[in-house]
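Good morning, colleagues. Please take a moment to look at the sequence and the model on the screen before I begin.

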Amino acid sequence: MTTQTSLAHEKNQLRKEALARRKAMPEVDRIEKSLALAEHVSGLPISPGTVVAGFWPIRDEIDPRPLMDQLRQAGHPLCLPVVAEPHLKFRRLERGAEMEPAGFGTMAPGPEAEELRPDVLLMPLAGFDKHGNRIGYGKGHYDTAIAALEKAGPVVCIGLAFGVQEVDLVPAEGHDKPLAGILTEDGYRSFR
């Protein structure tokens, strides 16, 4: 087994374990812990007026929408990702916007919505470690989007997850960009 294959196998195993812990959470706990994210909005390293990309939750992911509403009320333009080639696009999210399927089971405003370049990415993930390494869902959507966004300047990457998704150590590869921080129901933890 090559090193690359070994790393992919190890990541896949960690992904499965973290997602199983997340799925095992009672629904009421997932709701309460999702709501708790909004209580920690003031602890996020987000400059006033910056464009923030959230995400539409799928399956049993933490729900960022209450947090995103707090950010909207604080004056941040919001956007949601749309799966596209060669990388994700981000469409402006306005209150009352009509939503449509955006790929990978998510929803986003339709093509009539303005495309924005986010300064901050609030990112879903399968697992994370204490060093800021993340395990995504294995499709590389955020990896390619981050690389494209960074060509126009820095982007702050903040993972959103339940505390049960933390793993001991994520085997990082060369293309993996560590998170600036992680926000869980317990608050924001910076990795920089």
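Let me start with one polar contact: a polar side-chain atom of Glu185 lies 3.1 Å from the backbone nitrogen of Gly163. A polar contact here is a pair of N or O atoms within 3.5 Å; within protein, one must be able to donate a hydrogen and the other to accept it, and residues adjacent in sequence count only if both atoms are side-chain atoms.

Two remarks on the basis of these values. This is a predicted model, in which local features need pLDDT of at least 70 and side-chain atom pairs count only at pLDDT 80 or more, while totals for chains, interfaces and linings use all residues. Residues are numbered from 1 along each chain as its sequence is written, and side-chain values use heavy atoms, with hydrogens and water left out.

To return to Glu185, this residue sits in the loop between β10 (181-184) and β11 (187-190). Strands are DSSP runs of E with at least two residues, helices are runs of H or I with at least four, and both are numbered from the N terminus. Is Glu185 buried or exposed? With a relative accessible area of 14%, Glu185 is buried. The classes are buried, under 20% relative accessible area; exposed, over 50%; and partly exposed in between, with a 1.4 Å probe and protein chains only. Leaving aside residues up to four places away in sequence, Glu185 touches Lys33, Ala36, Leu37, His40, Ala161, Phe162 and Gly163, where contact means heavy atoms within 4.5 Å.

I turn now to the backbone. Glu85 and Pro86 are joined by a cis peptide bond, with omega about 5°, and Pro86 belongs to the loop between β2 (78-82) and β3 (89-93). Arg59, although not a glycine, has a positive phi, near 45°. Arg59 is in the loop between β1 (52-53) and α3 (65-73) and counts as exposed, at 63% relative accessibility. Phe104, also not a glycine, has a positive phi of about 60°; its loop runs between β4 (99-103) and β5 (106-109). Phe104 is partly exposed, at 35%.

Finally, the cysteines. How many disulfides are there? With a disulfide taken as a pair of cysteine sulfur atoms within 2.5 Å, the count is zero. The sulfur of Cys79 has its closest cysteine sulfur in Cys157, 13 Å away, and is therefore too far for a bond. Cys79 is buried at 0% relative accessibility, and Cys157 is buried at 3%.
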